[in-house]
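Let's take a walk through a protein model together. Have a look at the picture first, and then we'll go through it piece by piece.

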There are 2 protein chains.
Amino acid sequence: MAEPVFKRLALLGVGLIGSSVARIAMERGDIAGEIVANARTQATLDRVMELGIAHRVELDPAKAVEGADCVMLCAPVGAYAALAEAIAPYLMPGAVLTDVGSTKQSVIRDVGPLVPEGVHFVPAHPMAGTEHSGPDAGFSTLFQGRWTLVVPIPGTDEAANEKVCELWRRCGSMIEIMEPAHHDRVVAIVSHLPHLIAFTICGTADDLEDESRQQVLRFAAAGFRDFTRIAASDPAMWRDVFLNNREALLEMLARFMEDAQAMARAVRWGDPSYIEESIKRGRKIRRSLIELKQA
Amino acid sequence: MAEPVFKRLALLGVGLIGSSVARIAMERGDIAGEIVANARTQATLDRVMELGIAHRVELDPAKAVEGADCVMLCAPVGAYAALAEAIAPYLMPGAVLTDVGSTKQSVIRDVGPLVPEGVHFVPAHPMAGTEHSGPDAGFSTLFQGRWTLVVPIPGTDEAANEKVCELWRRCGSMIEIMEPAHHDRVVAIVSHLPHLIAFTICGTADDLEDESRQQVLRFAAAGFRDFTRIAASDPAMWRDVFLNNREALLEMLARFMEDAQAMARAVRWGDPSYIEESIKRGRKIRRSLIELKQA
């Protein structure tokens, strides 16, 4: 077995992502010698011990990070600033501080200034997930063949960046290095906007008068069912994502709304070729995804 | 084996739906004694014979319907008026004329006036589909456990309505009787609007400057991938659906756009509880679907 990447990995948060990392690290043994889990409630930590996915649990984040050479923030991004403030004095010199948040500019803005000198901050974002949440939702193949976007901060120790990349490679992930602003735009369109739309259309359906709503549930064809699957995701996590990727998300939403209005106009005024061309573009993107083996 | 529902079934169109009906009818033998397939091109009909999913093919729709006691329109709904006009003089007295279109008010408007006296017109809509199209895309389990919405016209022979219901039951479908206007509203929200949104967001992504578009394809997370799957559906079929369910689709789209604007406002002005409540409604709908075993 290869040398573990870290001696002690502290996971602050053990939801879908954190508990998947914990499972993989426990199974493989070459990610960290010791896994320490922290969560907001003792009940969650009890469950973590029951599941056997950490060596040790700590309700106090400050205690969880003591002596850890890698600390990974796995909470909703809106909780990062308070978490960083709580742990900053206890971070070990030379430790790597990383995260798994879906927004990167906000994480650098919120956490960056609190990182003590001598601690290496390496923001990252594993692009994997399901609509389930909590420590029971994780599984050890979650990151297999998926991308982790690593967003290094200029001037950070190269060895620290590389250790984070190696951790994700051992989780089964492919690595891409990206600029923070570019990261936030890309995820706004591939992930945040689709989620916002899925949440919204479920609300629109829920607002229909009672008889129609019952029928909607009954006759949910493939189209709507896929939307509700996305829409079943964790509310606190997504609330934080939307609020922390505001600019990019609002820009992509505005572009989408313009395009939807143009489609509405084509439907109202009966412009078959506009509608058909719009549909054909969807097919083209789908075909590209299949060629890239992402579908 | 039960007596076949019909002696001769003529399928006008052998795409995903038509070719699935053909496969089931050929396999079971108790839907119709003879299956005749019609399509716009000889190449499609040659493929139908290669696949062995019809007893006979006819390039001329008038010839295809001669002597058929059931004629099923399985073309895009925009082609129905011309098809109905072409076949009307050749329909056998006492025959059942039915269809599988996703819109029902437009079908009744376009086809109804052309149906000769003595022919029983029974509009129907099997709510099943995939993103694939053409005679190769069909399969014999497509309708298993899915709903077929039957939209009878007042005054139509009850025996004819029942025969169409029985055909769909033998295809594995559950039956629901519905009014045309109500049908069009329900499918606008559960199917047509989700498709319009999926086509639109794929176009929005395709319009991004080249570097971002490449990244979009590369990093298409679960959210976007589901949208592209829906968006890969048949352009001509969906163009016709949108144009023929204009009023209901535009109303549902307008409701959705208002809700999306409200969400945008909550993101812009930082209203976490509004966002969280909206997300929770998505979960609620999802849970209802799971309880109804539609997810």
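## How sure is the predictor?

Chain A has an average pLDDT of 93, and 98% of its residues score at least 70. (pLDDT is the predictor's confidence in each residue, running from 0 to 100.) For the complex, the predictor gives an ipTM of 0.89 and a pTM of 0.90.

Some ground rules: this is a predicted model, where local features need pLDDT of at least 70, side-chain atom pairs count only at pLDDT 80 or more, and totals for chains, interfaces and linings use all residues. Residues are numbered from 1 along each chain as its sequence is written, while chains are lettered from A and ligands numbered from 1 in the order in which they are written.

## Where the two chains meet

How many residues of chain A are in contact with chain B? The count is 78, and they touch 78 residues of chain B. (Contact means that the C-beta atoms of two residues, placed from the backbone, lie within 7 Å.) Helices 7, 8, 9, 10, 11 and 12 of chain A each bring at least two residues to this side, with helix 7 giving the largest share, 19 residues. (Helices are DSSP runs of H or I, at least four residues long, numbered from the N terminus.)

Sorted by class, chain A's side has 47 nonpolar, 15 polar and 16 charged residues. (Ala, Val, Leu, Ile, Met, Phe, Trp, Tyr, Cys and Pro count as nonpolar, Asp, Glu, Lys and Arg as charged, and the others, Gly among them, as polar.)

## A two-fold pair

Turn chain A by 180°, with 0.0 Å of shift along the axis, and it lands on chain B with an RMSD of 0.0 Å. (The fit is by least squares on C-alpha atoms of residues with pLDDT of at least 70 in both copies.) That's the relation of a two-fold axis. In chain A, A:Asp226 has the C-alpha nearest the axis, 3.3 Å from it.

Since 100% of chain A's interface residues are also interface residues in chain B, the copies meet through the same surface.

## Two domains in chain A

An automatic or database assignment splits chain A into domain 1 (6–178) and domain 2 (182–291). Their centres, taken over C-alpha atoms, are 30 Å apart. Where they touch, domain 1 puts in 14 residues and domain 2 puts in 17. Domain 1's side has 5 nonpolar, 7 polar and 2 charged residues.
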